[in-house]
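Grab a pencil and work through these exercises one by one. Try each task yourself before you read the solution.

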Amino acid sequence: MAGFWTLQVVQLLGISLPLLLIVIPLGNWVSARIDSQTMVRYIYDLLIIFGGLLLYKTF
């Protein structure tokens, strides 16, 4: 646990938490208006894209 709480971690946490208060209700709003199978498809597509970006970044 020592060294985990650095200034950079606290700054990122300070940015992330307020954004979560916006993104979570937005996600709930979108998921209520889209068919559940379509929503799952979008999530899988995003996961594949993000995974591809991570792989691309390693090379």
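**Exercise 1. Work out how much surface the protein chain has and how little of it is buried.**

Start with the total: the accessible surface of the protein chain is about 5,700 Å² (by the Shrake-Rupley method with a 1.4 Å probe; for residues, only the protein chains shown count as cover). Carbon and sulfur atoms own 75% of that. Next, look for buried residues (under 20% relative accessible area; exposed is over 50%, partly exposed in between, with a 1.4 Å probe and protein chains only). They make up 2% of the 59 residues.

Before you go on, keep in mind that this is a predicted model: local features need pLDDT of at least 70 and side-chain atom pairs count only at pLDDT 80 or more, while totals for chains, interfaces and linings use all residues. Residues are numbered from 1 along each chain as its sequence is written, and side-chain values use heavy atoms, leaving out hydrogens and water.

**Exercise 2. Compare the protein chain with a compact globule.**

Step one is the rule: 2.2 Å times the number of residues to the power 0.38, with the radius of gyration taken over C-alpha atoms. For 59 residues, a compact globule would come out near 10 Å, but this chain has 16 Å. Step two is the box: along the principal axes, the C-alpha atoms fill roughly 45 × 35 × 15 Å.

**Exercise 3. Count the helices and strands, then check the span of H1.**

Helices (H or I, at least four residues) and strands (E, at least two) are DSSP runs, numbered from the N terminus. The chain has two helices and zero strands. Now take H1: at 1.5 Å a residue (times one less than the number of residues), its 27 residues should span 39 Å. The end C-alpha atoms are 40 Å apart, which agrees. Finally, check for a bend, the angle between axes fitted to the seven residues ending at a residue and the seven starting there. H1 bends by about 30 degrees at Leu20.

**Exercise 4. Find the nonpolar surface patch that includes Leu17.**

Patches take residues with over 30% relative accessible area and no salt bridge, joining like charges within 9 Å and nonpolar side chains (Val, Leu, Ile, Met, Phe, Trp, Tyr) within 5 Å. Here Phe4, Trp5, Val10, Leu13, Leu17, Leu20 and Ile24 make one, with about 680 Å² of accessible area together. Leu17 sits in helix H1 (residues 7-33) and is partly exposed at 45% relative accessibility.

**Exercise 5. Track down the salt bridge and describe its two partners.**

You want a side-chain nitrogen of Lys or Arg within 4 Å of a carboxyl oxygen of Asp or Glu. The structure holds one such pair: Arg41 and Asp45, with the closest N and O atoms 3.3 Å apart. Both lie in helix H2 (residues 36-58), four residues apart, or about one turn of the helix. Last step: Arg41 is exposed at 54% relative accessibility, whereas Asp45 is partly exposed at 27%.
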